[in-house]
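I opened this model to look up a few things. My notes are kept short.

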Amino acid sequence: MKRFLAAMLLLLCVTGCTAQPKSYTADFFAMDTFMSVTAYGVDEQTAQDTAVTCERRVNALEPALSRTREDSDIYRLNHADGAVCEVSDDTYAALQAAVEYAAYTGGAFDPTLAPLTDLWGINTENAHVPAQAEIDEALTHVGYQNIELLGDNQVQLKNGAQIDLGGIGKGFATDAVAALLDGSCSVLATLGGNIGAYGENPSRDSGGWVIGIADPDNNADYLATVEVRDRSVVTSGDYERYFEQDGKRYHHIFDPATGWPADSGLRSVTVIDAVSTRADALTTALFVMGLDKGLAFCAEQGIAAVFVTADKQVYTSAQVGEVCTFTFLGEEKGYTYAQ
């Protein structure tokens, strides 16, 4: 379900730097989006080997996470009519994470929204507002509790449930990239809307990576930046995938309780976290919760998040200052930093 982080990496070259590391960038298309991994190493071969290895790891996750590829574990599970299926280690690990974060967020994030995604058809030629009776019927199959993890990579879906791991897939891939790194290279992984920044940025004295948070009204521009190291930055917003009908916009972030696009008063949520899968799930959950409940949840759970509201207010949880340097740049664009 995610989502594009219109992130701008501000690689501000520092004058007077010496012995800059060599870099290599692998650009590729995976998980229905453009991706890029740039590695910085002591020599070009080391950088190239690292970037290419990361690319191969992400590509290898396609058959583990996709629900549209007929050779994928998720496709097979969704078409098993409730029979027990054996899945790969990656698929099982992703499902475990999905169920864990669904429970953690009280169901605000839910990996069984495939029936709603298909019904609304957002980002397809069939996008439309369904009848309430259709939504109600789809909701009878929604609920992360319908995923039975039986151990030994055995999974069963109950009650006609259908899985869609789009809500954490790119985060899972980002974490898989991070797991490959041995410290020989710094890496910036831009996997769709998930940014993973690991090691020191050789272009800044501080060693940090500066990532832009998109302006929802113009996602080619940004209203704030966060400077991070060894963190993932993930954003979910209502501007990423949507359609308009009768003058109203309907976006792709569904409230699992209602079956409708979440009407929470938010335009976007960004989460900064060492675990990208967690950040991915939380951006959706916090968007569904809305500002007040979302900020309270962040305070209780120690989550670093940036909220952008429909009335152009920007709020940050207390934890943001603990994990990154936040810079507000949205005043000229009509935004107010409400903190």
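These entries cover a helix pair, the nonpolar cores and one loop residue.

**Ground rules.** I am reading a predicted model, where local features need pLDDT of at least 70, side-chain atom pairs count only at pLDDT 80 or more, and totals for chains, interfaces and linings use all residues. Residues are numbered from 1 along each chain as its sequence is written, and side-chain values use heavy atoms, with hydrogens and water left out.

**Helix pair.** I looked up helix 1 (residues 44–60) and helix 7 (residues 169–180); helices are DSSP runs of H or I, at least four residues, numbered from the N terminus. They pack at about 140 degrees, with axes 9 Å apart. Axes are lines fitted to C-alpha atoms over the stretch in contact, and angles run from 0 to 180 degrees between N-to-C directions. Helix 1 is therefore oblique to helix 7 (under 35 degrees is roughly parallel, over 145 roughly antiparallel, 65 to 115 roughly perpendicular, the rest oblique). I then checked who touches whom, contact meaning heavy atoms within 4.5 Å. Thr53, Cys54, Arg57 and Val58 of helix 1 meet Ala173, Ala176, Val177 and Leu180 of helix 7.

**Cores.** Which residues have the most contacts inside the largest nonpolar core? I found Leu165, Leu191 and Leu286, in a core of 65 residues. Such a core joins buried Ala, Val, Leu, Ile, Met, Phe, Trp, Tyr and Cys residues through side-chain atoms within 4.5 Å. Buried means under 20% relative accessible area, exposed over 50%, partly exposed in between (1.4 Å probe, protein chains only). Apart from it lies another core, of 21 residues, including Tyr40 and Val228.

**Loop residue.** I found Glu331 in the loop between strand 16 (325–328) and strand 17 (336–337); strands are E runs of at least two. Glu331 is exposed, at 67% relative accessible area.
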